[in-house]
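Me: Hey, I've got a protein model open and I'd like to talk it through. Can you help me find my way around?

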Amino acid sequence: MPELPEVETHIVELRPLLKGRCVEGASVFWPRTIAEPDPDRFCDLVRGRRFGELQRRAKYMLLGLDAGWTLVVHLRMTGTLRVVPSDREMDRHTQVVLGLEGGEELRYLDLRKFGRFWLVRDADRVLPPLGPEPLSRHFTGRWLHEVLARRQAAIKAVLLDQRVGAGVGNIYADEALFRARIHPERPAATLTLKECQTLCRTVRHVLRTGIAWRGSFISSYAPPSGVPGRFQARHQVFRRTGEPCPRCRTVIERIRVGQRSTHYCPFCQRVAA
């Protein structure tokens with residue numbers, strides 16, 4: 001958290017607020033947030049730059065700046081970006097501030113301080129190995145089947161591997177596996193081509209639905225507007241432990257898969273014989 005829909009919501013909400021605006025100054029209150037370059041150099045380089053295109057890659061935000069620079073932002077667990085009037089009282093969790101022309105500021109807030117910024121000319125250099133975007137034409141059942149054929153780990157763990165499910169995280173993996181009727185602990189290599197095609201469809205469905213509802217509101221996360229997303233009201237298994245399955249009324253259970261909390265229906269998602 002945040003996952004692909006939450007990061008996409010960030011981009012959608014920030015695009016009209018930032019595109020074309022110049023950065024007039026910068027302050028860094030938590031130096032570790034700036035992964036590259038060092039904080040002082042970051043402030044010098046970003047000053048005077050104008051925002052261009054804003055894009056997303058997996059869970060990363062790529063905030064284009066002029067002169068070939070890109071501000072890469074990874075929100076990690078609790079990060080969020082807000083555009084606010086410069087005279088608004090500073091939240092105590094504010095880590096980075098970029099002053100914008102027109103009397104506003106882009107503020108980065110992060111309760112747990114895990115988020116990171118990179119100011120680079122080549123964004124691909126700092127991004128980890130990533131698979132195809134799940135909403136792109138390259139993410140197909142046949143491609144997934146070929147990838148899973150070499151993986152013996154549990155399908156839930158493999159789906160969280162960003163080389164497979166770029167941008168997919170714990171929430172949307174649980175929801176997609178439930179809709180596909182696949183047990184989260186099932187060895188990935190045992191999925192058939194038909195099951196992989198179904199899983200691709202359900203991954204796309206939950207991600208698109210998550211985007212449509214502006215993501216899930218979990219704990220301290222909220223999008224730039226401050227208005228919480230509403231997809232959490234449509235979770236069918238995630239954090240529904242002890243509640244009846246919406247399909248069969250069996251009690252939803254919680255287990256750990258690859259050190260991640262995992263929610264599933266033991267009837268609808270039975271392990272294949």
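Me: Let's begin with the open sheet of four strands. What order do the strands come in, and is the pairing parallel or antiparallel?

Reply: Sure, and keep in mind that this is a predicted model. The order in that sheet is 1-7-8-6, and the pairing is antiparallel. Strand 1 (23-28) and strand 6 (79-85) are the edge strands, each pairing on one side only. From one strand to the next, the twist averages 20°.

Me: How many bridges join strand 1 and strand 7?

Reply: Five bridges, with strand 7 covering residues 94-100 and the two running in the antiparallel sense. To spot one of the pairs, look for Ser-27, whose bridge partner in strand 7 is Val-97.

Me: Which strands of this sheet does helix 1 touch?

Reply: Helix 1 packs on the sheet and touches strand 6, strand 7 and strand 8 (104-110). The direction of helix 1 makes about 30° with that of strand 6.

Me: And helix 2, which strands does that one lie across here?

Reply: Helix 2 lies across strand 1 and strand 7, and runs at about 170° to strand 1.

Me: OK, on to the sheet with five strands. What's the order there?

Reply: That one is an open sheet too, with the order 2-9-5-4-3 and mixed pairing. Strand 2 (34-36) and strand 3 (51-57) each have a single partner strand, so one side of each has no neighbour in the sheet. Neighbouring strands are turned by 20° against each other on average, if you ignore direction.

Me: How do strand 4 and strand 5 pair?

Reply: Strand 4 is residues 60-65 and strand 5 is residues 70-74, and they pair in the antiparallel sense over five bridges. Met-61 stands opposite Val-73 in strand 5. Helix 1 (residues 4-18) packs on this sheet as well, touching strand 3 and strand 4, and its direction makes about 170° with that of strand 3.

Me: Which strands of the five does helix 2 lie across?

Reply: Helix 2 (residues 39-46) lies across strand 2, strand 4, strand 5 and strand 9 (116-120). Relative to strand 9, helix 2 runs at about 55°.

Me: What do strand 3 and strand 4 form together?

Reply: They form a hairpin with two residues between them. Their pairing is antiparallel over five bridges, and Gln-55 stands opposite Leu-62 in strand 4. In the turn, Ala-58 has a positive phi of about 55°.

Me: Where else should I look for a positive phi?

Reply: Try Arg-76, which has a positive phi of about 55° although it is not a glycine. Arg-76 sits in the loop between strand 5 and strand 6. For background, most residues other than glycine have a negative phi, and most peptide bonds are trans.

Me: So which peptide bond is cis?

Reply: The one from Glu-36 to Pro-37 is cis, with omega near -5°. You'll find Pro-37 in the loop between strand 2 and helix 2.

Me: New topic, salt bridges. How many are there?

Reply: The count comes to 16 salt bridges. One of them joins Glu-8 and Arg-56, where the closest N and O atoms are 2.7 Å apart. Glu-8 is in helix 1 and Arg-56 in strand 3, so this pair ties together parts that are 48 residues apart in sequence.

Me: Now helices. At what angle do helix 1 and helix 7 cross?

Reply: They cross at roughly 40°, and their axes come within 8 Å. That angle makes helix 1 oblique to helix 7, and the crossing is right-handed. Leu-4, Pro-5, Glu-8 and Thr-9 of helix 1 make the contact with Leu-207, Gly-210 and Ile-211 of helix 7. By class, the contact has four nonpolar, two polar and one charged residues.

Me: And what angle do helix 4 and helix 7 pack at?

Reply: Helix 4 (residues 141-148) and helix 7 (residues 193-212) pack at about 120°, with axes 8 Å apart. They are therefore oblique to each other, and their crossing is right-handed.

Me: Which residues meet there?

Reply: From helix 4 you have Gly-141, Arg-142, Leu-144, His-145 and Leu-148, and they meet Leu-193, Cys-196, Gln-197, Leu-199 and Cys-200 in helix 7. That contact has six nonpolar, three polar and one charged residues.

Key
Residues numbered from 1 in each chain as written. Predicted model: local features only at pLDDT ≥ 70, side-chain atom pairs only at ≥ 80, totals over all residues. Heavy atoms only, no water. Pairing = 2+ DSSP bridges. Axes fitted to C-alpha atoms, helices over the stretch in contact; angles between N-to-C directions. Contact = heavy atoms within 4.5 Å. Parallel < 35°, antiparallel > 145°, perpendicular 65-115°, else oblique. Left-handed = near helix turned anticlockwise from the far one by under 90°. Nonpolar A, V, L, I, M, F, W, Y, C, P; charged D, E, K, R; others polar. Salt bridge = Lys/Arg side-chain N within 4 Å of Asp/Glu carboxyl O.
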